[in-house]
Every structure is written in structure tokens, then in C-alpha cells.
Amino acid sequence: MNTAIPAPHAAAVDIEARIAPLREKLAAHPLYLEIRTVAELRLFMESHVFAVWDFMSLLKSLQRTLTSVTVPWVPTRFPASRRFINEIVLGEESDVYDGQPASHFEMYLAAMRQAGASTSAIDALIGHAPTGNVIFAADTPAEARAFVGDTFRIIERGTPAAQAGAFAFGREDLIPAMFRALVRDLNRELSGRLDRFVWYLERHIEVDGEDHGPLSLGLVADLCGDSHERWEEAAKAAESALRSRIALWDGILARIEKHRAAGR
């Protein structure tokens, strides 16, 4: 049974209005219309996968803050937030595709391999992650490095309110319908070689709109309460996260244009 989600806090509505121009800029980004071939889609995936990965790192940072993950166990002082975060983790880390449990990140990797995109850069990062270090391979796209750096500054230096603001307001992909339609068209041309990526895109629209989005807003409200200072931290982090995503899209677009100019 899903957790009951409270009505949006007035301060959350204010943040939504404040970041609306950035969200509109992201949703209307020219990148979506410039991806025309499967080779260009592969370039998109090879950078975007880093955002899929560090989303989980931000989520886990919040889970570590809001729940007890030590032994002996003790309850934390965030009963509503720990419920919210655990429900989100369940869906993001242990969703089900084709009858098998997997994280959305693992599903994205499977989609990349099915599409013929290279996973070497992200595989190298994952190989080093158990050491506690974020180490980039030489072939990691520059825009992906910058995006991950922005995320980890929030993880390492941000307050719980800032992390929650970045997570709830700044990490929706806001993938427009036209882009999803393009991917579906390419999938038909390729006889289903993008099936997994189509599923990933549609699944994120579903869970963000129906479940995880409202839960994350409840998380922010629980952490910020009636503190103007904490709500401001959340708002600034949301703005920063959206600007970082726009910069990621800018970098991917530049990479596609360079690829196209080279005639590859």
C-alpha cells in the first residue's frame, strides 16, 4: 500500500513558480529535435547515463540521512520522510522489468547495450565506486563530468533540505512527448532494438507523475517544515540542479553537432 501523500505545502507551490522558467527552458531545449539518428541517440545515452547513475547517489545520500542504516538500529526523527524515501528507493532500486527485478540504472545500461551505445565510461566509473571515489575514465564526456561534479557538491556539502530540493524539483527529466515519439519511431525502424529505452522513458513518466514526484514533494515539506531558511535552501538547490541539467543538454547537443559536422 502506498503512503498517503499530504497536500502540497504553500512554499512548495512558490518554488514551482520560481523554477518554472528553468523547467520551460529545459522542456523546450533544442537537443530533443536535433536527435535524428540512432547514432545521435547513442551519444545522448552515453552522457545521460551519468545523470541516471548520480540520481541514485543523491537518493542514497538522502536515505542515509533520513533512515537508520547502522547496527544497532535506532529510529530517526523523520518518520514521514523515511517512509517517503524508502518507497522511492524501492521503485528506483528494485523495479520490475519483464518479470525480473532491477534498478532503473541497470535497465538503462541494458537499453544502451541493446541500442549499441558504449558503456565503457560509465562501467569504468562503477568499477571504481566501491572504493568511495568518483573516478572518470578518459572517454567520459566533459558535460557528464561537470554534471556529476555538481551533483556531488550537493551530496557532500548540501543540507538535507538542499538535497531534497535538488532531488524533488531539479531531477525530473521532463522528457517531452516529441522526444519519446522520436524514440518510438526509431525503434520501429530498428525492429525493436530500442525497446528497453522506450520502456525506460515511459516508466519514468509514469512513476514520476503518479508516485515518486508527489512523494518527493512530501519529503521536502517534512524536512523544511515552516522554516523559511530551509525552504530557501531547497529552492536554490532546485535552481542549481535545473541549470546543471540544461548545461548537460547543451554539452550533448554540441557533441551531436560536432559528430554531424564530421560526417560520421
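Four aromatic residues form a cluster in this predicted model. They are Tyr32, Phe44, Phe179 and Trp249, and ring pairs link them. Trp249 has a further partner: Arg245 lies over the face of its ring, at 5.1 Å from the ring centre.

Stay with Phe44 for a moment. Which residues does Phe44 touch, leaving out those up to four places away in sequence? The contacts are Leu31, Ile35, Tyr108, Phe179, Phe197, Trp249 and Ile252. Two of these, Phe179 and Trp249, also belong to the ring cluster.

The cluster leads on to the nonpolar core. The largest such core has 80 residues. Phe44, Phe179 and Trp249 are among the residues with the most contacts inside it. Leu41, Met45, Tyr108 and Phe197 complete that list. Which helix gives the most to this core? It is helix H3, which spans residues 38-66 and supplies 15 residues.

Now turn to the ring pairs. The structure holds 11 aromatic pairs. One of them joins Tyr97 and Trp199. Their ring centres lie 4.9 Å apart. Their planes meet at 75°, so the pair is edge-to-face; the cut-off for that label is over 60 degrees. Where do the two partners sit? Tyr97 is in strand S1, residues 95-97, while Trp199 is in helix H10, residues 195-224. The pair therefore ties together parts that are 102 residues apart in sequence. Are these two residues buried or exposed? Tyr97 is buried, with a relative accessible area of 19%. Buried means under 20%. Trp199, at 24%, counts as partly exposed.

A second pair also involves helix H10. Here the rings belong to Tyr108 and Tyr200. The centres are 4.9 Å apart and the planes stand at 85°, so this pair is edge-to-face. Tyr108 lies in helix H5, residues 104-115, and Tyr200 in helix H10. The pair therefore ties together parts that are 92 residues apart in sequence. Tyr108 is buried, at 0% relative accessibility. Tyr200 is buried too, at 3%. Recall that Tyr108 is on the list of residues with the most contacts in the largest nonpolar core, and that it touches Phe44.

Step back to the fold. How many helices and strands does the protein have? The secondary structure comes to 11 helices and 2 strands. Along the sequence the pattern reads α-α-α-α-β-β-α-α-α-α-α-α-α.

What about overall size? The protein has 264 residues, and a compact globule of that length would have a radius of gyration near 18 Å. The protein has 18 Å, so the value agrees. Along the principal axes, the C-alpha atoms fill a box of roughly 55 × 40 × 35 Å. Buried residues make up 50% of the 264 residues. The accessible surface comes to about 12500 Å², and 55% of it belongs to carbon and sulfur atoms.

Contacts across the sequence are next. Take the contacts with a separation of 6 or more: residues 24 or more positions apart account for 76% of them. Ala27 and Ile246 give a view of distant parts of the chain. They are 219 residues apart along the chain, yet their C-alpha atoms are separated by 9.4 Å. Ala27 is in helix H1, residues 10-27. With a relative accessible area of 31%, Ala27 is partly exposed.

Finally, look at some details of the backbone. Where is there a cis peptide bond? The bond from Val71 to Pro72 is cis, with omega near 0°. Pro72 has its place in the loop between H3 and helix H4, residues 79-93.

Asp98 has a positive phi of about 55°, although it is not a glycine. Asp98 is found in the loop between S1 and strand S2, residues 100-102. At 68% relative accessibility, Asp98 counts as exposed.

Ser191 also has a positive phi of about 55° without being a glycine. The loop that holds Ser191 runs between helix H9, residues 177-189, and H10. Ser191 counts as exposed, at 71% relative accessibility.

Notes:
Residues numbered from 1 in each chain as written. Predicted model: local features only at pLDDT ≥ 70, side-chain atom pairs only at ≥ 80, totals over all residues. Heavy atoms only, no water. Phe/Tyr/Trp six-rings, centres within 6.5 Å; stacked < 30°, edge-to-face > 60°. Helix = DSSP H or I, 4+ residues; strand = E, 2+ residues; numbered from the N terminus. Buried < 20%, exposed > 50% of the residue type's maximum accessible area, 1.4 Å probe, protein only. Lys NZ or Arg CZ within 6 Å of the ring centre and 35° of its normal. Core = buried A, V, L, I, M, F, W, Y, C linked by side-chain atoms within 4.5 Å. Contact = heavy atoms within 4.5 Å. Rg over C-alpha atoms; globule rule 2.2 N^0.38 Å. Areas by Shrake-Rupley, 256 points an atom, 1.4 Å probe, with all protein chains shown as cover.
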